[in-house]
Every structure is written in C-alpha cells, then in structure tokens.
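Subject: Structure handover

Hello,

Here is the structure you are taking over. Please open it alongside this message.

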Amino acid sequence: MILGGTAMRRLAWKVGLSLILLGSIAMGPGAAADEGFRVSAPRFWWRNWAVPPWIALVGDADGDGRADLIAVDPSGEIEVERTSPLGKWVKDPDARKTFGKDFVAVACGRFTGGAEDEVLGLERDGSVRLAFGMHRGTSGYRADDRAGQIPAFTRPATLARAFSADIDRDGCVDVVIQRGPNQLVLLRNLRKDEGLVRFSASVAPDPAARAAEAGVGRFGPEAHTRLVWLDDQGNLSTAGLEVADGELHVGAAVTLLKANRGDRLAVGRFLGHATHDIIVGRRLLPGGDASRTIELPTLPNEAEAKHDLWWRVGDIDGNGMDDLVRKRSRTDREGGPEILIHFAARQGNVQPGFLDEDQDGLPDDWETGRIKPGGIDLRALGCKPGRSDVIVEIERFDKVDTRLLETEVDVTVRYFASLPVANPDGTRGIAMHPVYRPTTPHADFDNVIKRFDERYPPQAHRGVVHSMFCGAEGDPDFAVAGVMGGNGRFHLNRIVHDVMSHEFGHELGLTHEAFQPHNCPIYPSVMNYTYIEGPAHRLDLARYSEGALCSLVLNERHLSERLPFPLERVEFLSWTPYQYRLERSRDGRSVLIDWNWNGIFGEENVVADINYDHGTDFGPPRDVGRADSAPVLVTHGTPRDGRLLLLLGRGGGLRLREWLGSDVDKEGDRWSAEAVVEASGVLGDPTAVYLEGGTWVAYRTTDHVALRRIVPGGDHPTIGPALAVPASGGCEPTLASFGGHLALFLWRSPGQPIGLRVIDVKGREPAFGREEESNFASLVPVAAVEAHDPAAPALWVAMVEPNEPDRRSWSGVRRFVRTPEGRWHESRREWVDGEVAGRDGAKPFAIHAAHRPTLLWRSEPGFDARHGRLYHFSGGATTADRPWSEQYITMQTAARETGTNWLSRRYTQPEFTSRSAPGACWFRGDIAYAIRVHDNQGDRNDVVKLGFYGSGALPEPMSDYNDVAFIHRVGLSHSIPVLTPEAEAATPNFPGPVSR
C-alpha cells in the first residue's frame, strides 16, 4: 500500500532510531515519583476460577472503581465475581448473562465510553457482540448487541488472545487480536464516527506471534500504543502500533531487556500514571523504561512462576493503581488452583482493607475495627493484624449441656493456641474466638438439618466467621462438615477431649485421607478415622498431624520393612488398631516392621495392604455386567501370565467373559463380549477351577450337577459339552484341583456330611470316581483350594460350622491329605475368627454370612511350604430381613502371640454389600476380586464390580501430611473467601452500594 503525505507524517515516529524511542519512554511521567512503590505479598482471593475453556478477564464490570473478575465461556456465558468495598468478592444472585455463541476471542473495556468495563466477543462467523449495562451494585449485564461483522480473512480459526487499548488515539477503546499465523487483527471502535458502537477490522504482521506472553499499553510522553511481548528465550521486546487511513500498522521490534526464560509478563498502570508500566518476572519497568527497573521481591521467582497459569491486571482495591492478578496451579494437597492478588501501592497510599498481613482470611482493616463486616467488631473479639485469627460461632440445641460444651470448646481454643504456627507479629499459634449464639429448640431438629447450609452461619456473617453446631446426645447423623467451607456439626463426648477438631478440620479444608487416594498408617491425625481418638484410643494424642513422618513415602506394591525413624516416633504403629510388630535396629536410628504379617522383619519390595483399619480397597471398580448369582473368577493358566475369566449367572443361564487387556491400570475395561455357557436351567452359584489346559466349570441344574470344559478365545471361546455328574441331584457343587485331578465337593443340606468325588480329566472323557462321604458338615456349601505340598498334595476346605459347641456358625478351615489307602485324613484345623473375635475382651462371635466362601492359597516366605498361607473371602452376618452383608478378606498371619493367627479386613471402596459370595483368584501379582453389589436403586442393583487389587495393596503412594501447615497457609484464608450482599448491608457505614 502507498501512503499519502498525511499518513507518512503520522507514521514518521516509527522510522526513527530505537534509541529515540527508548529515550522518550524514559522521560515518561512520574520518573521521579516511584519512591515508596511496593507490591504486596499475594493475597488469596478465590480458587479454581475460570476453568478452561472459560476465559479469564479482569475489569471494573459495575463501574464502582474496583476491578472485578470476569469469566467468559466461549459458548457465550459470562460470570462476574464482583469486588466488594469490604475487601473480598461477593456472591451475587443472577451473576451470569448469556450472549452470543462460539467465541474465538473476548476482551473487556469501556467500549461505549461509560464507567463500566463491558465484554466484547468475536464469534467464529465474524460477528462482533457486546455485553453492557451493568449498573453499580449489580452483577448482571442489562443488554447485549451486535456490534459489527468482520470479513472471513480476518477471523481467527481458534481461540486467540485479545487486548483492549485505544490504538488510534481517538478516545474509543479498540481491540487487538493475535489472529495467527503471524497476523494481528485490529477491531477498530467507530463509536465517534457513527454515534453507535461498531467495529471494523484490519490486519497487520504480528511480530509477537510466537510469544508465550504478550500485552498492549501506552508508553512515553506521547502515549504511543505499543505491543509488548516475551519470547521463549526470555527476550522482552516491543513494537509500535498505529492506525493510518483506517489500517493497522506495526513498527520495528525493539528488545528492551533479557529476562529469565520462565518469567511472566503483565502490562498495566501499576504506578497509577496515565501511561503503562511493564512487569516481567520480579521486575517493574516504570513507563516501560528498562533503565529504571524496580525489583519486586514479593512476586514469584522463576521456579515459582512455573506454576502460574496466567497473569492479568486490574485495580482491585480502587486506589488508582493496577494490581497484579495471578492464577496459580496447585495440587489438592495445597488447596487446588487459586487466584492470588498482589496489591500495588505507595507508602501511605495503601488500601489496608484489602490487605491481609497474616493471611488468615480476615483483612487488616477488619481486625483493627475500622470496618465491621456484617456488623461484627473483630477488634472487640480480640482479633489483630499480624496474628492468625479465626472466629467460630457456636450454635447448639437447647438440650445440650452448656457447661460441658463450654469446657469442650475451651479445650479446642487452647489447642489451636498451642499449634506450632509462626505469625508475622512474632507470636505463635492460632487465636480462636468462639461466639455463643442463642440456643435452638431441639424440636426444630428436622428444620435445622433440612436448611442447615442456608441458615448457618447467618447470611450477614458469611465470609467473616465459621459456624459449628453442637448436637444433643443421640442426634442421628449429626457429625458432618463440608470440606473447605464455613459450617459444620459435631457431637459432644462425656469425656472432654476436643471433639470439635475433626469436623472443624474439614471446614479448614482437611480430608480424612490427607488429599491421598486412601488413608495412611503413618498419618497420625485426628482427621484420619484410624486415629480420630488418638493411637490406642489415647485421647491426649488425638491431634492434627505436624507432618513429622512426611519424608517417608509408602507404596503398598513396593514396601520396605525398615522405617528410617527411631522407635519412639513410630511406636504408635504397634498399638491398636494396627498392632504391627516392631523391632528396634541395632543402631537405634531405624525400626524393622513386619508389614505383611509373615513373621519376617526387614524384607524389601514387600507387597501388603497396610492401611486396612477403616476398610480395604480393591482399586478402581469396573462394571462387568449384571448377575443373579455369585460371580466366579478363574485364571486360565498361571497367575503370572494366564487369562482372566469371569462367569456370571443371569436369568437361569450362565455367561462367560474374558479380560482382553495387558495393563490392569490402563485397560481394566477391556472385556470380551459375553459368551453363553448354558442358555437356561442353571440354579444356584457356579464354581470353576483351572486344570490341565482347561477351565472347568460346575453348576447345579434341576436334575444334576453339570460339568463343562472351557478354553478361552476372546469373543469365540471353546465350550465343551455338559456332562452330568452321577447322583448329584439337588447338590451345590464346589470345584478344586487336587494332584492333577478335579475334586468335586457336593453339598446337600446343612445337616448332611459333604460328599466328594475325585474326577480324572486326563483321558478323552472325564472319569468320575465314586462319591466319598466326609466326616464334616457345613451350614453352607464349602470352599476348597489345593495346597501344593512338595511331598503330597493337600486340600484346604472352608465351611461354616453347624455343630461345634460354642462356635456354631463360625467359619473354619480344615486341611486334608490322601492316605496311601485312599482315605481322607484331616491333618489340621483352624477357626477363621478374624480380628473382631474377642477384641477388647468381648465374647467371640461369627462374622460370616450364609453363603459359600471363596478360598485362595499361596506358598509365601514365613509359612512352610507344606501349609502356605490361606486367604478367606466371605460376607458378614445376615438376617432374614437383611439378606445382604458387607464383604471381608481374612488371611493367616504368623503372629500367634496376639491370640489369633488370622487378620480380617473389610472391603469399603466402593461402599457396598452383597447377597452372595465374591469371586477371587490370583492374577498378575495380586488378587482379581468381583462382587455382585446390592443397591437400593434398581438400575444399580446386582451389578458386578471387579477390581484387580483384591489384596488391598494399591499402587498409589501415601504418606504423612502436615495438617498444621496446611491450616495456617491455606485453610484459614481459603475457607471463607466470599461475602454476601447481606454482609454488605449489615456493615455500618458501608462504603458502597448493596447488591440486590
């Protein structure tokens, strides 16, 4: 394009030497007025805001002089988090406005010339839309309008960065978009020309197309508009932007300085002048002048900035100086993604109401009493800047023992004051300020529960206080609190021991598992259900964890039985509930522990479930179909490389599925289609075992027990003919392997001895041996598994004892060997009494349900090859009106000195019960486990869920956690960040309008 004389004169400033440009920037206004400038430490503002694909903007949406957080969904929805003059953001009703659709660029600015920052969106089809008209004290845009149509060659194909600035210096805010590839698009605001807000488009080369960070600002005494960017090598560069004859032009690029490669960039009026400044990393360039750099030590360094997702600018506190708004990515352990604000100010020119020196969520101006948010005088309560404070309003029913409650609360107050927390004013601890509210009639119990979150704390106190409601003795399901929230409930205990701390810990963001997939035995916290009353029920030890054992990370798939701590620090592991056996090392600096209960100390690379007290997990549950019988799992081949088969009874038929994956973590849902083993006529639960290249399945029919041989083949298995077992009518079968043969147990009734047939399967047709009568009976069909004794094969059989005095309905196991004369000899007998039997002096009782258990055996170190170790799977007790039960895994241990050599654990994840026995088999270094789930919702009832870590030894690492540090750094500030319009209305001399 050939420019005329006027255009050439307008662009003449661009063709001068770069040194002239830099000199003009250096002479910008305020060159001698930067003394005393500072940027505050980060103040937490909000968490997990503007989650992609939402686009984050910062602008004064309601025109009250304080910037707000604005988020735009590319689908056309807007959400505004309004900044309150009280110093937090306000949750207003009806904060969202829908306008337009399919946006590829959005920006905010005062496009109509008013006091409010409006939202401009460019749609994929080229339509320009504008949302505007948010009045002071409101949070919704009154209107939106179509404000132009740009040609196809100027439209971004994907979501693009956009910047607002008056490029043509006509007093109207324009928008610059990095369209790509290597193109800038100018949306020029033609409001003055036409009287309405309309935008036209032009394009120019983009020198910052590959920049990781970019911004637009006005610099120098002439207030020229410039593009500023930071490339991936850390070069901070700038180029002028100008409009001539309605077209955008870009000047030559100038490098200002070399920054760190991981630095972030922001352009704003941080010094409060008419022109802009640049922040790059931890340096401020006043007016864009690199020769007058000001260090900002409160901003993140290069390593810390790597966790930042973006930087934005806006005058949040209304002091005329732009503040820096950051979104930082943090793990759940650290509180999750969060919005932080660094407030810009000069000495004596700060808005203290927005600062929070001690980061306790209570701004300094509140704690001095200058502002009384919601009508609460924090100074009168004892709060003060520089020390961590928390206010807890105590609610209670009129039936609560007030004296006991006050004693309990005092224990909590003293405990929080004792926490090892260092405050900016030199004090230690957290000052808890309880405020006792009027009692609530216990007759209003149902209404309290129904409207709890609505009522507590009162709307006018939200964002200022926490609330704890004390229930009366016997109130059902009353101990509960939301994680990282303002309210919770708790019960008193006649033994005063700080029962508030667990539920209040939830309010401050703590979880039961310390942000881990499951709890950890070395996390000795009152938050951990295992230690909620302290190790060994020692109430004096019921405390938040201080993270003393954080250096040790435990992985149940690769455990070391050497703990790198002296005995005194881990001795609690030998107390209830775990009662692990410990041995002090010779040097006294470490401890040996028997994680897997095999009697051997100091093993390495051990696989064991070590955190089972409050329940055992079998890994991610996979839905594998519905069933009306017990599921059966069998490994076709060796446990290391065999193929996993699942048998399901449904609608009188029997179905087969094969797992087709190779990685249990990534391909747990790869299953073959169902194959029909038997179309109809199947009764009861099937049973299966692998032997001699085939998987054998037995099941009851109307007339007999049927036996089939299966060879898997994905979607096309080979299923042999059904063979009738002689004289087996009415029997429930159980299959096991024994010395290269099948052992088929036949159960007829609780009072009859169990029948047994040995079946030779080495020929063309199975040869059924004669039925032999055993010398024992069982209330339910038995489980059986072969023990691979090198000297002679043996069978372990599990039953529920019907006749033993004082142990009726107890589960027991018996070991049988075959004598040379062909007789069965019982060589060993044990009771599977589990951990609940005789605990704390209680009378032993049975825990197993009235269905067939599942039994696994494996030779393991610490157990002689003859006997090995048994794993027993079954449900708990059932009743006539509740014929389903929880599920248990019980294994043998080498800890006879504890009074029992069986350890029982309960499956709790997902929390389920079942009407039938589970399926289990050794598979890929662990136990594949399947359960038919009982659920009151019909569409989820009788769904079979399968997990690949039935032993409970999961691959996710776990450790101790520093609760106290989390409460101090995160919990206090993050748990009550939001005010309400009611809080504003209840504030004396409220310095602004109230949202309605």
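Below are notes on one sheet and on several salt bridges.

Please keep in mind that this is a predicted model.

The sheet

The sheet is an open one, built from 5 strands in the order β38-β61-β60-β59-β58, and its pairing is mixed. Its edges are taken by β38 (616-617) and β58 (854-858); each has a single partner strand, so one side of each has no neighbour in the sheet. For β58, there is a little more detail. Strand β59 covers residues 869-875, runs antiparallel to β58 and is joined to it by 5 bridges. Within this pairing, W857 is placed opposite L870 of β59.

Salt bridges

The structure contains 46 salt bridges. Three pairs and one network are described here.

E393 and R437: the closest N and O atoms of this salt bridge are 4.0 Å apart. E393 belongs to strand β29 (residues 389-396), while R437 sits in the loop between β30 (431-436) and α8 (445-450), so the contact ties together parts separated by 44 residues in sequence. With a relative accessible area of 4%, E393 is buried, because the cut-off for buried is under 20%. R437 is partly exposed, at 26% relative accessibility.

R455 and D444: here the closest N and O atoms of the salt bridge lie 3.2 Å apart. R455 is in helix α9 (residues 452-455) and D444 is in the loop between β30 and α8, so this pair links parts that are 11 residues apart in sequence. R455 counts as partly exposed at 21% relative accessibility, and D444 is also partly exposed, with a relative accessible area of 22%.

R643 and E658: this salt bridge has its closest N and O atoms 2.9 Å apart. R643 lies in strand β41 (residues 643-650) and E658 in strand β42 (residues 653-658), so the pair ties together parts that are 15 residues apart in sequence. R643 is partly exposed, at 36% relative accessibility, whereas E658 is buried, at 6%.

The network: which residues are linked with D60 by salt bridges in a network? They are R110 and D117.

To recap the three pairs:

- E393 with R437, closest N and O atoms 4.0 Å apart
- R455 with D444, closest N and O atoms 3.2 Å apart
- R643 with E658, closest N and O atoms 2.9 Å apart

Regards

Definitions and conventions. Residues are numbered from 1 along each chain as its sequence is written. This is a predicted model: local features need pLDDT of at least 70, side-chain atom pairs count only at pLDDT 80 or more; totals for chains, interfaces and linings use all residues. Side-chain values use heavy atoms; hydrogens and water are left out. Two strands pair if DSSP finds at least two bridges between them. Helices (H or I, at least four residues) and strands (E, at least two) are DSSP runs, numbered from the N terminus. A salt bridge is a side-chain nitrogen of Lys or Arg within 4 Å of a carboxyl oxygen of Asp or Glu. Buried means under 20% relative accessible area, exposed over 50%, partly exposed in between (1.4 Å probe, protein chains only).
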